[in-house]
Amino acid sequence: MSQADMTKEHERVRTVKSHKDRTRLRALLSLYLLAAPTVILLFVFNYIPMYGIIIAFQDYSIYKGILGSDWVGFKHFSYFLTDDKFWAIMKNTLLINFYDIVFGFTAPILFALLANELYQKTFKKTMQTISYLPHFLSWVVVSGIFYQILSPSTGMVNAILGWFGIEPIFFMTEPGIFRGILVASDIWKNVGWSAILYFAVIAGIDGALYEAAWMDGANRWKQAIHITIPHLMPMIVLLFLLKLAHIFGIGFERVFLMQNPLVYDVSDVISTYIYRTGVELSQYSFTTAINLAQSILGFILLVASNRLSKKWMGLGMY
């Protein structure tokens with residue numbers, strides 16, 4: 001090949017490569033434009049407000065503003081760390097989250113495993129659809145339902161207990177029962193919706209694995225133990241790590257709408273304490289300090305649990 005032909009070939013290769021680069025750039029540009037609104041909204045509503053975190057280190061005054069308020073350093077952090085009431089609230093938060101993990105986190109897994117054993121497809125799909133419906137009810141509606149069901153005068157539960165000669169029980173004002181009611185309400189509302197991810201994983205398992213296990217004499221129980229659960233483990237670990245990251249927090253609406261002054265000692269959690277102290281008593285700096293410490297602890301717990309999970313099980317979020 002002559003020098004001129006080689007030069008032409010190089011020019012042709014450069015032209016093709018340049019065309020491919022422009023095509024790829026146009027494709028990436030379309031993706032960037034598609035993602036831009038989400039990124040902008042995330043930045044505006046999630047990152048810019050982080051500027052307000054600095055009031056945790058101030059005696060914030062709405063009249064002086066963020067820049068004009070007096071700096072006090074770690075005053076608010078040291079105050080809530082030495083406050084007995086705060087540690088009682090922390091205990092309630094951790095206990096309710098612990099019950100949510102033990103019962104609420106495992107309930108969708110068990111529900112998905114049991115639903116997978118149903119042979120009648122129409123009944124199976126109908127049951128799954130019905131289990132999703134409570135998720136779309138607001139906590140205002142759910143709390144009203146539980147108050148009606150557990151009412152000492154007109155509630156269905158007390159009516160059934162009355163058939164056996166048991167006196168009416170004031171469930172919503174009984175401290176020893178109230179935490180269980182909170183956990184039960186969350187399970188009833190979210191068990192079907194939370195099981196969707198597990199249903200998706202189960203649907204993707206190769207049916208040939210179950211057929212081979214059946215041919216080897218494995219019953220349904222052994223198939224679930226040796227096939228279904230191992231395939232679910234990556235999803236279980238992922239969701240468990242996300243759950244651990246929020247162990248120092250709990251849904252505000254669920255607790256706030258169902259609690260009452262008679263059960264504050266066992267139901268008052270960080271989110272409701274922040275609401276009453278920060279919003280009603282206007283202690284903005286103090287409650288911001290609590291929320292900041294809560295977020296930092298959750299982040300540390302997430303990173304630590306992810307590393308332990310990768311070390312022990314070889315599975316993690318990242």
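**Stop 1: the nonpolar core**

Start by selecting Phe 77, Phe 80, Ile 270 and Ile 290, the residues with the most contacts inside the largest nonpolar core, which has 18 residues. A nonpolar core here is a set of buried Ala, Val, Leu, Ile, Met, Phe, Trp, Tyr and Cys residues joined through side-chain atoms within 4.5 Å. Buried means under 20% relative accessible area, exposed means over 50%, and partly exposed is in between (1.4 Å probe, protein chains only). Now colour helix H3 (75-81), H4, H14 and H15, since each supplies at least two residues of this core. H15 gives the largest share, five residues. Helices (H or I, at least four residues) and strands (E, at least two) are DSSP runs, numbered from the N terminus. As background, nonpolar side chains in soluble globular proteins tend to be buried together.

Before moving on, know that this is a predicted model, where local features need pLDDT of at least 70 and side-chain atom pairs count only at pLDDT 80 or more, while totals for chains, interfaces and linings use all residues. Residues are numbered from 1 along each chain as its sequence is written, and side-chain values use heavy atoms, with hydrogens and water left out.

**Stop 2: helix H4**

Select residues 84-116 and you have helix H4, 33 residues reaching 48 Å from first C-alpha to last. That is close to the 48 Å expected at 1.5 Å a residue; the expected span is 1.5 Å times one less than the number of residues. Now click on Ile 101, where H4 bends by about 35°. A bend at a residue is the angle between axes fitted to the seven residues ending there and the seven starting there.

**Stop 3: helix H8**

Next, pick helix H8 (175-194). Its 20 residues should span 28 Å at 1.5 Å a residue, and its end C-alpha atoms are 28 Å apart, which agrees. Where does H8 bend? Look at Trp 188: the bend there is about 35°. Buried residues of H8 include Phe 178, Arg 179, Asp 186, Lys 189 and Asn 190.

**Stop 4: the largest pocket**

Keep Asp 186 and Asn 190 selected and add Phe 105, Ser 194 and Lys 243: of the 23 residues lining the largest pocket, these five are the closest to its centre. The pocket has a volume of about 580 Å³. On a 1 Å grid over the protein atoms alone, a pocket is an open set of points where a 1.4 Å probe fits, with protein on both sides within 12 Å along at least five of seven lines, and lining residues have an atom within 4 Å of a point. Grid points are joined across faces, edges and corners, and a volume is the space filled by probe spheres set on the points.

H4, H8, helix H9 (196-203) and helix H11 (220-245) each supply at least two lining residues. By class, the lining has eleven nonpolar, eight polar and four charged residues. For these classes, Ala, Val, Leu, Ile, Met, Phe, Trp, Tyr, Cys and Pro count as nonpolar, Asp, Glu, Lys and Arg as charged, and the others, Gly among them, as polar.

**Stop 5: the second largest pocket**

About 440 Å³ of space lies in the second largest pocket. To find its centre, select Asn 116, Leu 118, Lys 124, Tyr 210 and Arg 220, the closest to it of 17 lining residues. Helix H5 (121-132), H9, helix H10 (207-215) and H11 each supply at least two residues of this lining. The lining divides into eight nonpolar, four polar and five charged residues.

While you're at H5, click on Lys 125. Lys 125 is exposed, with a relative accessible area of 57%.

**Stop 6: a few loops**

Jump to Ser 282, in the loop between helix H14 (270-280) and helix H15 (284-312). Ser 282 has a positive phi of about 60° although it is not a glycine. Most residues other than glycine have a negative phi. Ser 282 counts as partly exposed, at 40% relative accessibility.

Now select Phe 248, in the loop between H11 and helix H12 (252-258). Is Phe 248 buried or exposed? Phe 248 is buried, at 16% relative accessible area.

Finish at Tyr 63, in the loop between strand S1 (58-59) and helix H2 (65-68). Tyr 63 counts as exposed at 76% relative accessibility. Draw a distance from Tyr 63 to Met 127: their C-alpha atoms are separated by 56 Å, with their positions 64 residues apart along the chain.
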